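Okay, thanks everyone for squeezing me in. I'll put the structure up and then walk you through it.

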Amino acid sequence: MPDLDGRPVLVTGASGGIGGEVARQLLTAGADVIAAGRSAGALAALSEGTGMRTLTFDLTSEDSVRDALADLDVYGVVNCGGNGGEIATPMETNIDVFDEVIAVNARGALLVTKYTSRSMIRLGRGGSIVNVSSQASLVGLAGHVSYGSSKAALDNITRVSALELGRYGIRVNSVNPTVVMTPMSEWYWGRDDIQGPFLHQMPLGRWATEAEIAAPIVFLLSDGASMISGVSLPIDGGYSSR
Ligand SMILES: NC(=O)c1ccc[n+]([C@@H]2O[C@H](COP(=O)([O-])OP(=O)(O)OC[C@H]3O[C@@H](n4cnc5c(N)ncnc54)[C@H](OP(=O)(O)O)[C@@H]3O)[C@@H](O)[C@H]2O)c1
């Protein structure tokens with residue numbers, strides 16, 4: 001188990017399925033976890049009796065992100081807050097949904113990077129940022145024109161941030177998970193006509209669990225990953241290697 005040794009790590013989307021598990025595993029790894037989302041109630045339920053700190057802000061508002069993060073000292077960040085958008089072809093897409101998905105998944109993660117990297121640089125102890133992207137940025141997935149585009153933008157934010165922040169000892173990486181059956185995904189990926197054909201093409205042939213996404217994220221935050229920066233790591237049972 002990696003040792004995060006009391007280092008403060010911000011997790012956005014901590015009130016969700018994957019973010020909640022990341023927060024719990026980070027706590028076990030010894031981090032000082034700051035669990036973030038919009039719902040104070042959901043964060044209270046996650047953090048009760050654990051010692052986690054909580055923070056509420058809206059990823060779509062620069063004022064909200066700046067007010068929450070400008071004076072926060074952090075070593076690590078997990079950009080896990082996300083919006084699943086819609087399933088639609090380019091011919092039928094609702095462009096307002098495209099704007100909304102980009103605003104949370106790409107623009108929101110960049111805003112968090114903007115304000116937290118300033119504090120990492122000021123503290124001078126390096127740091128690690130992990131962006132929770134998706135297999136949808138690595139391959140074209142039917143119906144995923146908005147969501148996949150937002151995660152491809154996020155992967156580019158990862159690469160450029162790794163270039164710009166490396167001189168301060170700050171590493172930036174993406175993880176690109178396959179489907180985890182959270183409320184964001186199960187209404188679509190749980191359908192028999194979608195699930196069967198997809199899993200048939202995946203070498204490991206099953207969906208991921210929250211724990212299987214959280215463990216590589218904790219690793220990327222830890223000193224065990226001290227020479228890894230700028231990567232997009234598939235956690236997809238081999239799907240994108242076909
Ligand atoms: N589930 C999958 O199959 C899958 C696969 C690949 C990648 N991912 C990615 O993994 C991440 C977590 O997904 P999940 O399945 O755990 O989703 P989830 O359970 O629906 O959680 C989404 C989280 O994002 C937060 N969020 C959404 N909009 C926000 C906003 N405007 N401001 C602040 N927070 C906001 C939610 O907070 P509130 O409680 O305030 O709504 C919630 O904590 C996402 O980035 C997703 O794209 C998921």
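I'll go through the sheet, then the ligand shell, then a couple of residues outside the strands. One thing before that: this is a predicted model.

So, the sheet. There are seven strands in an open sheet, and the order is β3-β2-β1-β4-β5-β6-β7, with parallel pairing. On the edges you've got β3 and β7, the latter being residues 232-235, and each of those pairs on one side only. Going from one strand to the next, the twist averages 20°.

Let's start at the β3 end. Strand β2, residues 32-37, runs parallel to β3, residues 53-56, and four bridges join the two. To get from β2 to β3 the chain goes through helix α2, residues 40-47, and that β-α-β crossover is right-handed. If you want a register marker for this pair, use glycine 37, whose bridge partner in β3 is threonine 56.

Now β4. On one side, β1 and β4 run parallel and are joined by three bridges. Here leucine 10 sits opposite valine 77 of β4. On the other side, β4, residues 76-79, is parallel to β5, residues 127-132, with four bridges between them. Two of the pairings there: glycine 76 has serine 128 in β5 as its bridge partner, and valine 78 has valine 130.

What about the helix that goes with this pair? Helix α4, residues 95-123, packs on the sheet and touches β1 (8-11), β4, β5 and β6 (170-177). Its direction makes about 180° with that of β4. Together, β4, α4 and β5 form a β-α-β unit, and it's right-handed.

Quick one for the room: which residues of β4 point one way, and which the other way? Gly76 and Val78 go one way, Val77 and Asn79 go the other, and all of them are buried. So Val77, the one opposite leucine 10, points the other way from Val78, the bridge partner of valine 130.

On to the ligand. There are 27 residues around it, and the ones that come nearest are Gly13, Gly16, Arg38, Gly82 and Thr182. As for elements, α1 (17-28) and α6 (183-189) are the ones giving two or more residues to that shell. How many of the shell residues are nonpolar, polar and charged? The split is 11 nonpolar, 14 polar and two charged.

Last stop, two residues outside the strands. Aspartate 5 lies in the segment before β1. Its phi is near 50°, which is a positive value in a residue other than glycine. Buried or exposed? Aspartate 5 is exposed, because just 12 other C-beta atoms lie within 10 Å, and the cut-off for exposed is 12 or fewer.

Then there's arginine 242, in the segment after β7. Arginine 242 counts as exposed because it has 8 other C-beta atoms within 10 Å. To relate it to the ligand shell, take threonine 182, one of the residues that come nearest the ligand. The two are 60 residues apart along the chain, and their C-alpha atoms are separated by 25 Å.

That's the tour, so shout if you'd like to go back to any part of it.

Terms used:
Residues numbered from 1 in each chain as written. Predicted model: local features only at pLDDT ≥ 70, side-chain atom pairs only at ≥ 80, totals over all residues. Near = placed C-beta within 6 Å. Nonpolar A, V, L, I, M, F, W, Y, C, P; charged D, E, K, R; others polar. Pairing = 2+ DSSP bridges. Right-handed = clockwise from strand over helix to strand, strands pointing away. Axes fitted to C-alpha atoms, helices over the stretch in contact; angles between N-to-C directions. Contact = placed C-beta atoms within 7 Å. Buried ≥ 20, exposed ≤ 12 C-beta atoms within 10 Å, placed from the backbone.
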